[in-house]
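Q: Please pick one part of this structure and go through it closely. I would like the residues placed, their exposure stated, and their partners named.

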Amino acid sequence: MKHALLASLVIMGTVLSGCSKPAAPPAAPSAASQPAPPRQPIPTITKDNQGILTDSQRDGLNGANQVSGVLQKADEEQRKKMKEQGL
């Protein structure tokens, strides 16, 4: 009888602890308060410095780097336009 009562109390305790509200995470610092560091251009991957990448992986990374460069230029132009408009 005592074992059944103890077992039921343990089970109820674990069920109730699972239903409690989790603690709120600490507030993260605002990203707007810290300026983003300038991006360094990623060098082009060649057969000499590719390491263990396959040719298709190297081509994919180079393509991604080109797209990243285009997006970075577009972002800089947008920022320049917004600065000229006073936004």
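A: A residue counts as buried under 20% relative accessible area, as exposed over 50%, and as partly exposed in between. The model is predicted. With those cut-offs, Asp75 is partly exposed, because its relative accessible area is 38%.

The part chosen here is helix H2, and the whole protein gives the setting. The protein has two helices and zero strands. It has 87 residues, and 5% of them count as buried. The accessible surface comes to about 8,300 Å². Carbon and sulfur atoms hold 64% of that surface.

Now the helix itself. H2 covers residues 55-85. That makes 31 residues. From the first C-alpha to the last, H2 reaches 45 Å. The span expected at 1.5 Å a residue is 45 Å, and H2 comes close to that value. Just after H2 comes Gly86, with a positive phi of about 85°.

Salt bridges come next. The structure holds three. Start with Arg58, which lies in H2. Arg58 has a relative accessible area of 12%. The cut-off for buried is under 20%, so Arg58 counts as buried.

One partner of Arg58 is Asp55. Their side chains meet in a salt bridge, at 3.1 Å from N to O. The pair also makes a polar contact of 3.1 Å between side chains. How far apart are Arg58 and Asp55 in helix H2? They are three residues apart, which means a separation of about one helical turn. An α-helix has 3.6 residues a turn, so residues three or four places apart point the same way. Exposure sets the two partners apart. Asp55 has a relative accessible area of 39%, so this residue is partly exposed, whereas Arg58 is buried at 12%.

Asp59 is another partner of Arg58. The two form a salt bridge, and their closest N and O atoms are 3.4 Å apart. Asp59 is partly exposed, because its relative accessible area of 46% falls between the cut-offs of 20% and 50%. Taken together, Asp55, Arg58 and Asp59 are linked in a network of salt bridges. Its members include the buried Arg58 and the partly exposed Asp55.

Further along H2, Asp75 pairs with Arg79. Their salt bridge has its closest N and O atoms 3.1 Å apart. These residues are four apart in helix H2, so about one helical turn separates them. Asp75 is partly exposed at 38%. Arg79 has a relative accessible area of 56%, which is over 50%, so Arg79 counts as exposed.

H2 also holds residues with links elsewhere in the chain. Take Asn62, which has its place in helix H2. Its relative accessibility is 15%, under the 20% cut-off, so Asn62 counts as buried. What does Asn62 touch, leaving out residues up to four places away in sequence? Its contacts there are Thr44 and Ile45.

Ser68 is also in H2. Its relative accessibility is 26%, so Ser68 counts as partly exposed. Pro41 is 27 residues away from Ser68 along the chain. In space, their C-alpha atoms are separated by 9.4 Å.

Gln72 likewise sits in helix H2. Gln72 has a relative accessible area of 28%, so the label is partly exposed. Arg39 lies 33 residues from Gln72 in sequence. Measured as a model distance from C-alpha to C-alpha, the two are 8.9 Å apart.

To recap the helix: Arg58 joins Asp55 and Asp59 in one salt-bridge network. Asp75 and Arg79 form a salt bridge too. Asn62, buried at 15%, touches Thr44 and Ile45.

Technical notes
Residues numbered from 1 in each chain as written. Predicted model: local features only at pLDDT ≥ 70, side-chain atom pairs only at ≥ 80, totals over all residues. Heavy atoms only, no water. Buried < 20%, exposed > 50% of the residue type's maximum accessible area, 1.4 Å probe, protein only. Areas by Shrake-Rupley, 256 points an atom, 1.4 Å probe, with all protein chains shown as cover. Polar contact = N/O pair within 3.5 Å; in protein donor to acceptor, adjacent residues only side chain to side chain. Expected span 1.5 Å × (residues − 1). Salt bridge = Lys/Arg side-chain N within 4 Å of Asp/Glu carboxyl O. Contact = heavy atoms within 4.5 Å.
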